[in-house]
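Q: I would like a close look at one part of this protein, with the surroundings filled in afterwards. Could you walk me through it in plain terms?

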Amino acid sequence: PRLANQIAAGEVVERPSSVIKELLENSLDAGATRVDIDVEQGGVKLLRVRDDGCGIDESDLPLALSRHATSKIMDLDDLERVATLGFRGEALASVASVSRLMLTSCAEAADQAWQVETEGRDMNPRVQPAAHPRGTTVEVRDLFFNTPARRKFLRTEKTEFGHLEEVVKRLALSRFDVAFNLRHNGRSVLSLRPAHTEQEAQRRVASICGPAFVEQSLTIDHERSGLRLWGWVGLPTFSRSQADLQYFCVNGRLIRDKLVAHAVRQAYRDVLFNGRHPTFVLFLEVDPAVVDVNVHPTKHEVRFRDGRMVHDFLFSTLYRALADQRPDSQGP
Ligand code: ADP
Ligand code: MG
């Protein structure tokens, strides 16, 4: 099973950012309202995620580190629904097989916290009492210490942290209700309080995408027959030199999708931003009764049953909003 874990680790654990993604998804699955992330040396030396979620029972602690132990699928119905972000039950086992991992947790109903510790392939998790408030802390040290070939593929500390920060930002954009704190080498990088009002949401987007984006963007909020699109679309005055600023969320889940990208690009191009790369943070909420959405559990792909309808809705909503904004427009 250890070898199997390491093989699986190759698929799930590519670099520190992939570890953070799995840990954060677990925290969100556990109903956390706050996650604190501590990173040292780009995540290679230390990755620590602490949450205030439901926690793990003492008897389930060693199980959480064993492969295919997921508490998230009870029957086939669940498999089809895939309500939670994780479901394969192999992320923690994979991470544990290539690092020094410590899992500490205090379950909702427990009066005491417990801890297990593993070191690479030598998995011999003994459960010990510990001090921890309700919730879970996963500490991953010395990633790939026992797999030098994989360690060789890691880039500079700055690059690795950049990937990791992007993962945190993406999740923070999909969950406005959760507080996120990210520290690198003891320095606070992101400090996001829960955003419940429109103003707080705007502040979070400014923290993540930069204040210039929010200032030079158009706010969208439009609803029609079971579909709602809201968020921010960058105006032509906003130019972005670095990576793309394109975030699209469907029913609380960040996705990359050709159909969506096409609709946005076309609206942009048809109005006036000729040749410009669109920038946006958009949220699409669809009534499952109207449009069937199938999100692939691990890839960030989505399949709309009525793709044409979604495309038309996105295009026409953005087209109208952008056209109204055009300097030569006569107004609505
Ligand atoms: P999966 O998320 O696919 O179930 P993981 O390997 O990521 O598999 O996690 C294994 C199990 O450990 C989860 O099913 C869950 O029961 C438990 N677990 C992991 N992280 C947390 C957490 N932060 N809070 C509560 N339970 C957790
Ligand atoms: Mg998981």
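In which sense do strand E9 and strand E10 pair, and over how many bridges?

A: Happy to take you through it. This is a predicted model, in which local features need pLDDT of at least 70 and side-chain atom pairs count only at pLDDT 80 or more, while totals for chains, interfaces and linings use all residues. Residues are numbered from 1 along each chain as its sequence is written, and chains are lettered from A and ligands numbered from 1 in the order in which they are written.

Strand E9 (residues 217-224) and strand E10 (residues 227-234) pair in the antiparallel sense, over eight bridges. Strands (E, at least two residues) and helices (H or I, at least four) are DSSP runs, numbered from the N terminus, and two strands pair if DSSP finds at least two bridges between them. Within this pair, Leu-218 stands opposite Val-233 in E10, and Asp-221 has Trp-230 of E10 opposite it. The hairpin has two residues between its strands, and Ser-225 there takes a positive phi near 35°.

The hairpin is part of an open sheet of five strands, whose order is E9-E10-E13-E11-E12 and whose pairing is mixed. E9 and E12 are the edge strands, each pairing on one side only. Helix H11 packs on this sheet, where it touches E9 and E10, and its direction makes about 135° with that of E9. Here and below, axes are lines fitted to C-alpha atoms, for helices over the stretch in contact, and angles run from 0 to 180 degrees between N-to-C directions. In the loop between strand E11 (246-250) and strand E12 (253-254) you will find Asn-251. Its phi is near 45°, a positive value in a residue other than glycine. Asn-251 is partly exposed because 16 other C-beta atoms lie within 10 Å; 20 or more would make a residue buried and 12 or fewer exposed, with C-beta atoms placed from the backbone.

H11 also has a helix partner. Helix H10 (residues 258-271) packs with H11 (residues 307-325) at an angle of about 30°, the axes being 8 Å apart. The two are therefore roughly parallel to each other, the word used for angles under 35 degrees (over 145 is roughly antiparallel, 65 to 115 roughly perpendicular, and the rest oblique). H10 passes H11 in a right-handed crossing, meaning that the near helix is turned clockwise from the far one by less than a right angle, whereas anticlockwise would be left-handed. Residues of H10 in this contact include Leu-259, Val-260, Ala-263 and Val-264, and those of H11 include Val-310, Leu-314, Phe-315 and Leu-318. A contact here is a pair of residues whose C-beta atoms, placed from the backbone, lie within 7 Å. By class, the contact has 13 nonpolar, three polar and one charged residues (nonpolar: Ala, Val, Leu, Ile, Met, Phe, Trp, Tyr, Cys and Pro; charged: Asp, Glu, Lys and Arg; polar: the others, Gly among them).

Now for another sheet. Eight strands form an open sheet with mixed pairing, in the order E5-E4-E3-E6-E2-E1-E7-E8. Strand E5 (128-130) and strand E8 (187-192) are its edges, each pairing on one side only. Direction ignored, neighbouring strands of this sheet are turned by 15° against each other on average. One of its pairings is that of strand E2 (residues 46-51) with strand E6 (residues 135-141), antiparallel over six bridges; there Val-49 has Val-138 of E6 as its bridge partner. Asn-185, in the loop between E7 and E8, has a positive phi of about 50° although it is not a glycine. With 14 C-beta neighbours inside 10 Å, Asn-185 counts as partly exposed.

Helix H7 lies across strand E1 (34-40), strand E7 (179-184) and E8, and runs at about 170° to E7. The axes of helix H2 (residues 16-29) and H7 (residues 157-174) come within 8 Å and cross at roughly 25°, which means that H2 is roughly parallel to H7. This crossing is right-handed. Among the residues that meet are Ile-20 and Leu-24 in H2, and Leu-164, Val-167 and Leu-171 in H7. The residues of this contact divide into seven nonpolar, two polar and two charged.

As for the whole protein, its secondary structure comes to 11 helices and 15 strands, and buried residues make up 35% of the 332 residues. Among contacts between residues at least 6 apart in sequence, 66% join residues at least 24 apart.

Terms used:
Contact = placed C-beta atoms within 7 Å.
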